[in-house]
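Welcome to this short tour! Please open the structure in your viewer and get ready to select a few pieces, one stop at a time.

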Amino acid sequence: MRRVPHNPEIKAPATNSLSLSQVQIAPADKDVRGNRPMREITALIVDDSAVMRKIVARSLCQAGLDSLIVLEAGNGNEGLEVLKAKSVDLILSDINMPSMDGLEFLRQIQARNLAPGVPVVMITTESSEEHVKEAIQAGARGYIRKPFTAEQVKQRVLPLLNAA
Amino acid sequence: MHTNPWAVRSPLLGGAERAKAMTKSLRDSVELISNPSNLDSSVDEVFSLTVGVHCRRAWEAAVPDTESVTAVVGFGGLLTGACVFRTGGTTACAICARMTGMEFPEIDDTVRDAIGEICNILAGTWKSKVPELAAHCDLSVPAVITGRDYKLHVQAPEFTIRHGFRFEDSFFEVTILCDGLQ
């Protein structure tokens, strides 16, 4: 489990490591339009690619979620361990992963009632109607195909958070 | 690779579902599947959205014989084969730097991860160009090879599409290999 704060402006660090330090982002007290309080959002990003987890986190920041805490997992098993220990507001998961894939991860979340009411959005290269149906049946509330834009993340994720 | 060595674990189709799907055939769509422009548009889409650059076809260049990075994503289902992404170490680091906003002086785990993910997204985007392929062809997780003076020998009896691409001073090549089509 990795707890990683993210800054929407990515800057070149002194090292090439993706293990960012545990620095808490000061929560913003206004939303992107600056006219109402903004709550802190904790998002779990599950993807076997650390680079893709970073890109997804950056897209969430670009979508306006400045007050964001990101938890990361490299596969479904790791994701379940995170959910046992932490409560989250949003889950974004890849499908094709080693150890436990994204659909089994979804089913396990439902079966163990680990994140009741928490929206799950699949972010994956699989894009056929069958794949989408399978994910929705397993409990996903949204579906984003890779490659994606920050605008697509905003359009699919923010309504789910506002409704939660 | 005489048979697809990258075992495709499909989380989506297993057992009875796969058998049902296998009754379909992609033979009638072979011209559409092997259309080279699908690869070009996939590369442009993936690189513009994920790497932030526009690529153009390059006929004259080649991946250098110095240290290179090769990522392979296997196809399984009605089409078996692989998507292979190959580039030099310098370009691999440049791609990773653009994806992450960090500097990478040499190939490390993050660079290998980034190139594997690019290959994975390319494979998914390419197969999404043909609806039957998107529904009945699954992807393996990426395998990434780095080193010098190695060659990848692949049998692809159905078809091979290999295109070189360039952005700025960087060059890479993408190959779609089809060794079986049902």
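Start by selecting chain A of this predicted model. Chain A holds five helices and six strands. If you trace them from the N terminus, the order of elements is β-β-α-β-α-β-α-β-α-β-α.

Keep chain A selected and think about its interior. Of its 164 residues, 45% are buried. Among contacts in chain A between residues at least 6 apart in sequence, 66% link residues at least 24 apart.

Next, pick strand S5 (residues 120-124) of chain A together with S6(A): the two run parallel and are joined by four bridges. Zoom in on A:Thr124, and you will find A:Arg145 of S6(A) standing opposite. Now follow the chain between these strands: it leaves S5(A), passes through helix H4 (residues 129-138) of chain A and arrives at S6(A), making a right-handed β-α-β crossover.

Stay with strand S6 (residues 142-145) of chain A and show its side chains. Which of them are buried, and which are not? The side chains alternate along the strand: A:Gly142 and A:Ile144 point to one face and are buried, while A:Tyr143 and A:Arg145 point to the other face and are not.

For the last stop, show chain B as well. Where the chains touch, 31 residues of chain A meet 30 residues of chain B. On the chain B side, select helix H3 (36-51), helix H4 (89-100), helix H5 (109-128) and helix H6 (131-136), the elements that each give two or more residues. H5(B) provides the largest share, eleven residues. Color this side of chain B by class, and you will have 16 nonpolar, nine polar and five charged residues.

Key: Residues are numbered from 1 along each chain as its sequence is written. Chains are lettered from A and ligands numbered from 1 in the order in which they are written. This is a predicted model: local features need pLDDT of at least 70, side-chain atom pairs count only at pLDDT 80 or more; totals for chains, interfaces and linings use all residues. Two residues are in contact if their C-beta atoms, placed from the backbone, lie within 7 Å. Ala, Val, Leu, Ile, Met, Phe, Trp, Tyr, Cys and Pro count as nonpolar, Asp, Glu, Lys and Arg as charged, and the others, Gly among them, as polar. A residue is buried if 20 or more other C-beta atoms lie within 10 Å of its own, exposed if 12 or fewer, and partly exposed in between; C-beta atoms are placed from the backbone. Two strands pair if DSSP finds at least two bridges between them. A crossover is right-handed if, with the strands pointing away from the viewer, the path from the first strand over the helix to the second runs clockwise.
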